[in-house]
Amino acid sequence: MRHFAVVGSGPAGFYTAEALSKTYGDKARINILDRYPVPYGLIRFGVAPDHQSLKAVSKRYDKVADEPGVDFIGNVTVGRDVSVEELLELYDAVILAIGAPHDRKLGIPGEDLAGVVGSAEFVGWYNGHPEFADLDPPLGGTHAAVIGNGNVALDCARILSKTPHEFEGSDIVGHALEALDGSAIRTVTILGRRGPHQIAMTPKELGELGHLEEASPVVDAADFPPMEADDALEPGHRKSITILREFAGTPADPAKPKRMVFDFFAKPLRIEGNGKAERIIVERTELDENGAARGTGETYEVPASLVITAIGYSTPQMAGVPYDERGGKFRNEGGIIGDRLYAVGWARRGPTGTIGTNRPDGYEVAEQVATAMPAAANSDRAGAEGLKRLLNERGIMPTDYDDWRKIEETEVGQARPGSPREKFVRVEDWLSALGR
Ligand code: NAP
């Protein structure tokens, strides 16, 4: 029997567990660890609440958790309750699937002002992440800005612009729904340091902005290169650019009070305000010969009492695990960090790709594990039994998948009409739902 620990129960963790389970069958025990009593990582805390079809992938993960050799061990923080070194003693292999939950910093003056929040914080707030439930982003001003031109920037801008009616059927948490309902924000400026051709937004996500109840996208046609330049683009990306061009060719709907303004070639220099964010000083840019943003020296102000930076994420460091500072991920070669230690998903590749990208990624790393550790050989590692002994000595009470199902049942039971669930947003509430 082999013993494997997969640390993290987001998409990368579940696909890896699925692959290991398929490869080893009844010759391995696979433990999926999570710091919270609830699974799914990015699916629960990252994917937008109004994108329920994307969240439905969790049903597939439930099937993995039901496999006889697979066990979920929640409420255990690796790096605090148990170290990676200790896990390596207990398991044949340890696979780190902890994602990239930290916001990258812009590194400009004013970033620490009140009212400037990272997208991980803002997304965590509306998705009920316990670390960010108390964020209370300022929604009392009329102007907000989102910095970045990726899908996360789109998520943040869309959530700020929707009406309560448009959240029907979503699982946005109650505190965020209520706060957004009272929001005074009428203009969300989406700042891109490069041009329309350089966006990292996908067609479906971009297209949604054209159908919002109260908000119109505003795009300046003058920002685009000549139409022929679109021919060289990869088809999916060309579709996004075509949607942007359509936005540019459509006047904002006067019946809609909100605007989502795409401000391209706009590089934030500093954020200013009296003790809190009031405006961003932006430099107009142009593309240099390598396609990078080059400042032109022309500056202007973008008013914003809420500034959300959506410029990418990084993986937190863990004691004893080599780290790639530039990439914001664990240092690894094809998923191998070191002897019996692996990384998958964003912790391996950095924060890019869709949920589905994690599937081949997890399968590839599982294959590396299988090559290094043939199923036939027996290991003398203690696995889950050893881990539970250690946790018991430390007063840590882990949770299992049945516990999660109880929490889920309670969350589903307390949903507002039309919503799939009302999430608990505090660790204590998860545990009290279990009678602890
Ligand atoms: P991303 O796609 O890498 O986009 C990051 C954006 O931030 C880029 O536009 C980048 O511009 C900009 N940026 C980086 N540093 C900057 C700086 N210092 N100043 C100004 N702008 C800066 O990252 P993401 O939006 O966080 O998304 C992460 C991954 O999740 C992506 O693969 C995304 O597609 C995926 N995702 C998918 C969905 C969905 O499918 N519905 C939803 C959310 C996220 P440059 O290009 O100039 O560097």
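**Exercise 1. Which residues are buried in H6?**

Solution. The structure is a predicted model. Step 1: take the bounds of helix H6, which are 119–126. Step 2: apply the cut-off, under 20% relative accessible area for a buried residue. Step 3: the residues of H6 that meet this cut-off are Ser119, Ala120, Phe122, Val123, Gly124, Trp125 and Tyr126. Step 4: seven of the eight residues of H6 are therefore buried, so the helix is largely enclosed by the rest of the structure. Step 5: look past the end of the helix, where glycine 128, just after H6, has a positive phi of about 75 degrees.

**Exercise 2. Determine which members of the largest nonpolar core touch the most other members, and which elements supply this core.**

Solution. Step 1: the core has 46 residues, and those touching the most other members are Leu160, Leu206, Leu244 and Phe262. Step 2: at least two core residues come from each of several helices and strands, among them H6, strand E7 (143–147), helix H10 (235–248) and strand E10 (258–263). Step 3: the element that gives the most is H7, with six residues. Step 4: as a general background, nonpolar side chains in soluble globular proteins tend to be buried together.

**Exercise 3. Describe the shell around the ligand and the polar contacts made there.**

Solution. Step 1: the shell holds 21 residues, of which Asn149, Arg193, Arg194, Glu205 and Gly353 come nearest. Step 2: sort the shell by class, which gives ten nonpolar, seven polar and four charged residues. Step 3: assign the shell to elements; helix H7 (residues 151–161) gives the most, with three residues. Step 4: list the distances.

- Arginine 193 has a side-chain N or O atom 2.7 Å from an oxygen atom of the ligand.
- Glycine 353 places a polar backbone atom 2.8 Å from an oxygen atom of the ligand.
- Glutamate 205 has a polar side-chain atom 2.9 Å from a nitrogen atom of the ligand.

Step 5: on its own the ligand has 920 Å² of accessible area, and the protein covers 78% of that. Step 6: the ligand lies between domain 1 (2–101 + 313–433) and domain 2 (105–309), because both give residues to its shell.

**Exercise 4. Tyrosine 40 and aspartate 136 have positive phi without being glycine; decide for each whether the residue is buried or exposed.**

Solution. Step 1: phi of tyrosine 40 is near 95 degrees, and that of aspartate 136 is about 50 degrees. Step 2: tyrosine 40 sits in the loop between strand E2 (28–33) and helix H2 (42–45), while aspartate 136 sits in the loop between H6 and E7. Step 3: tyrosine 40 has 6% relative accessibility and so counts as buried. Step 4: aspartate 136 has a relative accessible area of 62% and is therefore exposed.

**Exercise 5. Find the side-chain partner of serine 379, and the C-alpha separation of tyrosine 401 and valine 38.**

Solution. Step 1: serine 379 belongs to the loop between helix H12 (358–372) and helix H13 (383–393). Step 2: its relative accessible area is 18%, so serine 379 is buried. Step 3: its side chain makes a polar contact of 3.0 Å with the side chain of aspartate 92. Step 4: tyrosine 401 lies in helix H14 (residues 401–413) and is buried at a relative accessible area of 6%. Step 5: tyrosine 401 and valine 38 are 363 residues apart along the chain, with their C-alpha atoms separated by 8.4 Å.

Note on methods. Residues are numbered from 1 along each chain as its sequence is written. This is a predicted model: local features need pLDDT of at least 70, side-chain atom pairs count only at pLDDT 80 or more; totals for chains, interfaces and linings use all residues. Side-chain values use heavy atoms; hydrogens and water are left out. A residue is near a molecule or strand if one of its heavy atoms lies within 4 Å of it. A polar contact is a pair of N or O atoms within 3.5 Å; within protein, one must be able to donate a hydrogen and the other to accept it, and residues adjacent in sequence count only if both atoms are side-chain atoms. Accessible areas come from the Shrake-Rupley method with a 1.4 Å probe; for residues, only the protein chains shown count as cover. Helices (H or I, at least four residues) and strands (E, at least two) are DSSP runs, numbered from the N terminus. Ala, Val, Leu, Ile, Met, Phe, Trp, Tyr, Cys and Pro count as nonpolar, Asp, Glu, Lys and Arg as charged, and the others, Gly among them, as polar. Domain bounds come from an automatic or database domain assignment. A nonpolar core is a set of buried Ala, Val, Leu, Ile, Met, Phe, Trp, Tyr and Cys residues joined through side-chain atoms within 4.5 Å. Buried means under 20% relative accessible area, exposed over 50%, partly exposed in between (1.4 Å probe, protein chains only).
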